[in-house]
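Hi,

Here is the structure we talked about handing over. Please open it alongside this email. My notes follow below.

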Amino acid sequence: MLEFRNIEHNFQGTSTTVHALKKLDLTVRPGEFITLLGPSGCGKTTLLNMAAGFLKPDDGEVLFQGEPVTAPGRERAVVFQRPALMPWLNVEENIRLALEGVDRETGQQRITAALETVGLRGFDHAMPHELSGGMQQKAAIARALVMDSDLLLMDEPFSSLDEQTRLRLNRELIGIWERERKTILFITHSIQEALLLGTRVILMSVRPGRIIKEWDLSGEKPALDSIPFMTMVQHIRGKMGLCCPPKKTQPQGGLS
């Protein structure tokens, strides 16, 4: 569905050049939930912006369903770190902004379905300031869902939320993915979040960003509070240079 081929990109400052990405290749298959991990400044958001059509690589190409990505498109919806809701519009009106060109009856059906999916039925006419942070982010996700896009691009959408709300929204997002079977590219700094959500976890290097490791987690996962899950977390921390990886043999179905 989505391909990054030999991507290179630099950001030119007034006195220095930042080498963001170098010879990066990544293929995202239909229906996958890809979580992208890596240190700050390694190019994760740059990649997502290229997939969205907000940014063009200096070298290489980005393909969506076999066609070059040259501009933003409705088939690629984006959920940002902040909900970006218009404060003078209610929830329904904010979501309707994503339905330009869709007739009102069809649009209303999509809005109702999206609000049901994210658990915001009954808050159609609530103003953003009347919602908690988690509910605002749910509204932002609903706005992306009504576009009925094939690909959902999510840039650390839960990073500003408290741990309890974040975990709850993680589980709700898994439910949405299981029901809708959208293809998702999800950026996070949280190893636990990457493991909980992803069917494939991609680890990027320090700048200039390149893929140094990936793990297939499409099978059944251990419970969040289990020893096998925590072993996975420690393993990835080791790969990121954050601690020594565990010396014990990995449990069956673990990472390698």
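**Thr106 and helix α3**

A polar contact of 2.9 Å links the side chain of Thr106 to that of Asp103. This is a predicted model, so please read every distance here as computed from it. Thr106 sits in helix α3. Its relative accessible area is 27%, so Thr106 counts as partly exposed. Thr106 is 93 residues from Gly13 along the chain, and their C-alpha atoms are 46 Å apart.

**Cavities**

How many cavities of 30 Å³ or more does a search of the whole structure find? The answer is two.

The largest has a volume of about 50 Å³. Its lining is made up of Thr117, Val118, Lys138, Ile141, Phe158, Leu169, Glu172, Leu173 and Ile176. Three elements give two or more residues each to that lining: α3 (104–118), α4 (133–145) and α5 (163–180). Which of them gives the most? It is α5, with four residues. By class, the lining of the largest cavity has six nonpolar residues, one polar and two charged.

The second largest cavity holds about 30 Å³ of space. Val78, Val79, Phe80, Arg82, Pro83, Ala140 and Arg143 form its lining. Both β6 (76–79) and α4 supply at least two of these residues. Five residues of this lining are nonpolar and two are charged, with no polar ones.

So α4 is worth having on screen for both sites: it is among the elements giving two or more residues to the largest cavity, and it supplies at least two to the second largest.

**Helix α5**

Helix α5 has 18 residues. From first C-alpha to last it reaches 25 Å, close to the 26 Å expected at 1.5 Å a residue.

Which residues of α5 are buried? They are Thr165, Arg166, Leu169, Asn170, Leu173, Ile174, Gly175, Ile176 and Trp177. Leu169, Leu173 and Ile176 are buried and also line the largest cavity. The cover over the buried residues of α5 includes β3 (33–37), α3, α4, β7 (151–155), β8 (183–187) and α6 (191–197).

Now the two ends. At the N-terminal end, Asp162 acts as a cap: one of its side-chain oxygens is 3.2 Å from the backbone nitrogen of Gln164. Just after α5, Arg181 has a positive phi of about 55°.

Glu180 also belongs to α5. Is Glu180 buried, partly exposed or exposed? At a relative accessible area of 36%, Glu180 is partly exposed, because the value falls between the 20% and 50% cut-offs. Asn170 lies 10 residues from Glu180 in sequence. Their C-alpha atoms are 15 Å apart in space. Asn170 is buried, whereas Glu180 is partly exposed.

**Thr231 in helix α7**

One more threonine to look at. Thr231 is part of helix α7 (residues 227–239). Its relative accessible area is 17%, which is under 20%, so Thr231 is buried. Where does its side chain find a polar partner? A polar atom of the Thr231 side chain lies 2.8 Å from the backbone oxygen of Ile227. Set Thr231 beside Thr106: Thr231 is buried at 17%, while Thr106 is partly exposed at 27%.

Best wishes

Terms used. Residues are numbered from 1 along each chain as its sequence is written. This is a predicted model: local features need pLDDT of at least 70, side-chain atom pairs count only at pLDDT 80 or more; totals for chains, interfaces and linings use all residues. Side-chain values use heavy atoms; hydrogens and water are left out. On a 1 Å grid over the protein atoms alone, a cavity is a set of points where a 1.4 Å probe fits but cannot get out, and a pocket is an open set with protein on both sides within 12 Å along at least five of seven lines; lining residues have an atom within 4 Å of a point. Grid points are joined across faces, edges and corners, and a volume is the space filled by probe spheres set on the points. Ala, Val, Leu, Ile, Met, Phe, Trp, Tyr, Cys and Pro count as nonpolar, Asp, Glu, Lys and Arg as charged, and the others, Gly among them, as polar. The expected span of a helix is 1.5 Å times one less than its number of residues. Buried means under 20% relative accessible area, exposed over 50%, partly exposed in between (1.4 Å probe, protein chains only). Contact means heavy atoms within 4.5 Å. A polar contact is a pair of N or O atoms within 3.5 Å; within protein, one must be able to donate a hydrogen and the other to accept it, and residues adjacent in sequence count only if both atoms are side-chain atoms.
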